[in-house]
Amino acid sequence: QVQLVESGGGLVQAGGSLRLSCAASGRTFSNYAMGWFRQAPGKEREFVADISWSGNTIRYKDSVKGRFTISRDNAKNTVYLQMNSLKPEDTAVYYCAAELGPRATSRADYWGKGTLVTVSS
């Protein structure tokens with residue numbers, strides 16, 4: 001089992017920044033690809049970014065490229081999502097996910113409970 005706990009969400013004005021963290025415990029964190037997903041009100045959960053176990057492979061949703069940065073610290077069992085130039089359409093509950101494989105997908109093995117990000121215009 002892997003337990004994931006997100007933090008860092010909140011209310012921010014458009015153009016502002018937030019840094020989300022996801023702390024993992026349980027099985028060996030460094031074996032897992034880690035990802036961030038989000039779900040806006042009335043919409044399905046969508047992929048935002050993921051990072052391989054080594055940190056060498058990173059992918060982003062097109063609409064967040066250049067604004068969001070995913071990173072991980074395997075020594076701290078933590079993955080981060082730095083979000084800059086936030087837009088109202090980034091408003092969502094953000095979820096951390098862990099998957100035993102090369103990437104994190106919607107079929108990830110483990111999920112956190114989410115942290116709410118609200119961007120006001």
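In this predicted model, Phe-37, Phe-47 and Trp-111 are joined into a cluster by ring pairs. Trp-111 also has a charged neighbour: Arg-45 lies over its face, 3.8 Å from the ring centre. A similar arrangement involves Phe-29, whose ring has the charged end of Arg-72 sitting over it, 4.5 Å from the centre.

How many aromatic pairs does a search of the whole structure find? The count is three. As background, a pair of aromatic rings is described by the distance of the centres and the angle of the planes. For Tyr-32 and Tyr-110, the centres are 6.1 Å apart and the planes stand at 65°, so this pair is edge-to-face. The cut-off behind that label is an angle of over 60 degrees. The two tyrosines come from distant parts of the chain, 78 residues apart: Tyr-32 belongs to the loop between S3 and strand S4 (33–39), while Tyr-110 is in strand S10 (residues 110–111). Are these two residues buried or exposed? Both Tyr-32 and Tyr-110 are buried.

**Charged pairs**

Let's turn to the salt bridges, of which the structure holds six. The general idea is that side chains of opposite charge can pair when their charged atoms come close. Three of the bridges are set out here, with the N to O separation for each.

| Basic residue | Acidic residue | N to O distance |
|---|---|---|
| Arg-38 | Glu-46 | 2.7 Å |
| Lys-61 | Glu-46 | 3.3 Å |
| Arg-59 | Asp-50 | 2.9 Å |

Glu-46 appears with two partners, Arg-38 and Lys-61. The bridge to Lys-61 links distant parts of the chain, 15 residues apart, with Lys-61 in the loop between strand S6 (58–60) and S7, and Glu-46 in strand S5 (residues 46–51). What about accessibility around this glutamate? Arg-38, at 5% relative accessibility, counts as buried. Glu-46 has 27% relative accessibility and so counts as partly exposed, and Lys-61, at 25%, is also classed as partly exposed. For a buried residue the value has to be under 20%.

The bridge between Arg-59 and Asp-50 brings together residues from two accessibility classes. Arg-59 is partly exposed at 25% relative accessibility, whereas Asp-50 is buried at 2%.

Some of these contacts belong to a wider arrangement. Which residues are linked in a network of salt bridges? They are Arg-38, Glu-46, Lys-61, Arg-67 and Asp-90. Asp-90 is placed in the loop between S8 and strand S9 (92–99), and with a relative accessible area of 1% this aspartate is buried. Besides taking part in the network, the side chain of Asp-90 reaches the backbone nitrogen of Lys-87 at 2.8 Å.

**The open sheet**

Now for the strands. In general, strands of a sheet pair through backbone hydrogen bonds, either parallel or antiparallel. Here four strands make an open sheet, ordered S1-S3-S8-S7, with antiparallel pairing. Strand S1 (2–7) and strand S7 (68–73) are at the edges and have a single partner strand each, so one side of each is left without a neighbour in the sheet. From one strand to the next, the twist averages 15°.

How is S1 joined to S3? The two run antiparallel and are connected by six bridges. Within this pairing, Glu-6 has Cys-22 in S3 as its bridge partner. It is a general feature that in a regular strand the side chains alternate between the two faces of the sheet. In S1, the covered face carries Val-2, Leu-4 and Glu-6, and the uncovered face carries Gln-3, Val-5 and Ser-7.

Further along the sheet order, strand S3 (residues 18–26) pairs with strand S8 (residues 78–83), again in the antiparallel sense and over six bridges. Ala-23 stands opposite Thr-78 in S8. Thr-78 is worth a second look: at 10% relative accessibility this threonine counts as buried, and a polar atom of its side chain lies 2.8 Å from the backbone oxygen of Lys-76.

Key
Residues are numbered from 1 along each chain as its sequence is written. This is a predicted model: local features need pLDDT of at least 70, side-chain atom pairs count only at pLDDT 80 or more; totals for chains, interfaces and linings use all residues. Side-chain values use heavy atoms; hydrogens and water are left out. Two strands pair if DSSP finds at least two bridges between them. Axes are lines fitted to C-alpha atoms, for helices over the stretch in contact, and angles run from 0 to 180 degrees between N-to-C directions. Rings of Phe, Tyr and Trp (its six-membered ring) pair if their centres lie within 6.5 Å; planes under 30 degrees apart count as stacked, over 60 as edge-to-face and the rest as tilted. Buried means under 20% relative accessible area, exposed over 50%, partly exposed in between (1.4 Å probe, protein chains only). A charge sits over a ring if NZ of Lys or CZ of Arg is within 6 Å of the ring centre and within 35 degrees of the ring normal. A salt bridge is a side-chain nitrogen of Lys or Arg within 4 Å of a carboxyl oxygen of Asp or Glu. A polar contact is a pair of N or O atoms within 3.5 Å; within protein, one must be able to donate a hydrogen and the other to accept it, and residues adjacent in sequence count only if both atoms are side-chain atoms.
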